[in-house]
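Take a moment to turn the model around on your screen before reading on. Then let's walk through it together, one piece at a time.

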Amino acid sequence: MVRQSVRWLLVKFDYECNMNENTATKIATDTNNNSKLLRSITAKDIHTTIRESIAGWFGPVGSGQTPDLNVRLYDEEYYFAMIKCPTRAHHLIRALLTLLNSLCIQKKRNSFAVTASVLAVNGSSRTAKISALHFLHRSANDRIKVRQRQLPSSTNGEVVGCGAGTNKDGRGPNGCKKRRRIEKLQDDDEGSIKKQFRKDLLELNTDLNGRIQNIHNVSD
């Protein structure tokens, strides 16, 4: 039996409602309505949108060239998909993704303006998984770096207010007490922020492990 030649496309979806937001800061769950709707998008929605767009742009000829089109994975948090299609039709799929400007959620009957970008084209599921894992790790690291930049810098050693009877360096009985009290409050505040940051990292790591496993579970 002759094995059919296929291509795997790694596709990133950028939604217009997120373009004005820094999505890299979203480690914790966002309660925004648009974000909730975006997280309800499934691989079936992607597949249906592509099928309908092929029929609309390329007619029966285009539909006839893509009978084996499959969306093997869609990640609703990082907005990427792994699409499997016949080799002879992958240029048509790439052209269609360039023309794609909206994506519809079938169950909720909502549509979103979207831009799709093909990040990688692979010839096997093994190399497609490697590309997806690289993209996932890079995106997660970007989120962590942005979150780290939001952490307050340490104020220890800086002169913060001088009381009566102190010089410009903050030395003296009243100034030292006030300075120590302010530094203690700042340390407590920084400690709680860093504690929350560590908690967010643990949640992100747990979530990331699950998404990595989903990529590994993609079948041929």
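Start with Ile105, which sits across from Asn110 in β5. That pair belongs to a bigger arrangement: β4 and β5 run antiparallel to each other and are joined over 4 bridges. Keep in mind that what you're looking at is a predicted model.

Now look at the two sides of β4. Leu103 and Ile105 make up its covered face, while Ser102 and Cys104 are on the uncovered one.

Zoom out a bit, and you'll find that β4 is part of an open sheet of 5 strands. Reading across, the order is β2-β3-β1-β5-β4, with antiparallel pairing. The edges are β2, residues 70-75, and β4, residues 102-105, and each of these has a pairing partner on one side only. Going from one strand to the next, the twist averages 35 degrees.

Hop over to the other edge. There, β2 pairs with β3 (residues 80-86) in the antiparallel sense, over 5 bridges. If you want a spot to check this on screen, find Asn70, which stands opposite Lys84 in β3. What packs on the sheet? That's helix α3, residues 43-65, which touches β1 (6-15), β2, β3 and β4. The direction of α3 makes about 125 degrees with that of β4.

Next, let's go inside. Which residues have the most contacts inside the largest nonpolar core? They are Phe13 and Tyr15, in a core of 26 residues. Plenty of elements chip in here: β1, α3, β2, β3, α4 (90-99), β4 and β5 (110-122) each supply at least two of the core's residues. Tyr15 is a nice one to click on. Setting aside neighbours within four places in sequence, Tyr15 is in contact with Leu38, Ile41, Tyr74, Tyr79, Leu103, Phe112, Ala113 and Val114. You've met Leu103 already, on the covered face of β4. There's also a second, separate core, this one with 19 residues, including Leu10, Ala140, Ile212 and Val218.

Finally, how confident is the predictor? The chain has a mean pLDDT of 77, with 71% of its residues at 70 or more. Two stretches deserve a careful eye. Over residues 22-31 the pLDDT is below 50, and this stretch has 20 contacts in the model beyond near neighbours in sequence. Over residues 155-171 the pLDDT stays under 50 too, and here the model has 27 contacts beyond four places in sequence.

Terms used. Residues are numbered from 1 along each chain as its sequence is written. This is a predicted model: local features need pLDDT of at least 70, side-chain atom pairs count only at pLDDT 80 or more; totals for chains, interfaces and linings use all residues. Side-chain values use heavy atoms; hydrogens and water are left out. Two strands pair if DSSP finds at least two bridges between them. Axes are lines fitted to C-alpha atoms, for helices over the stretch in contact, and angles run from 0 to 180 degrees between N-to-C directions. Contact means heavy atoms within 4.5 Å. A nonpolar core is a set of buried Ala, Val, Leu, Ile, Met, Phe, Trp, Tyr and Cys residues joined through side-chain atoms within 4.5 Å. Buried means under 20% relative accessible area, exposed over 50%, partly exposed in between (1.4 Å probe, protein chains only). pLDDT is the predictor's confidence in each residue, from 0 to 100.
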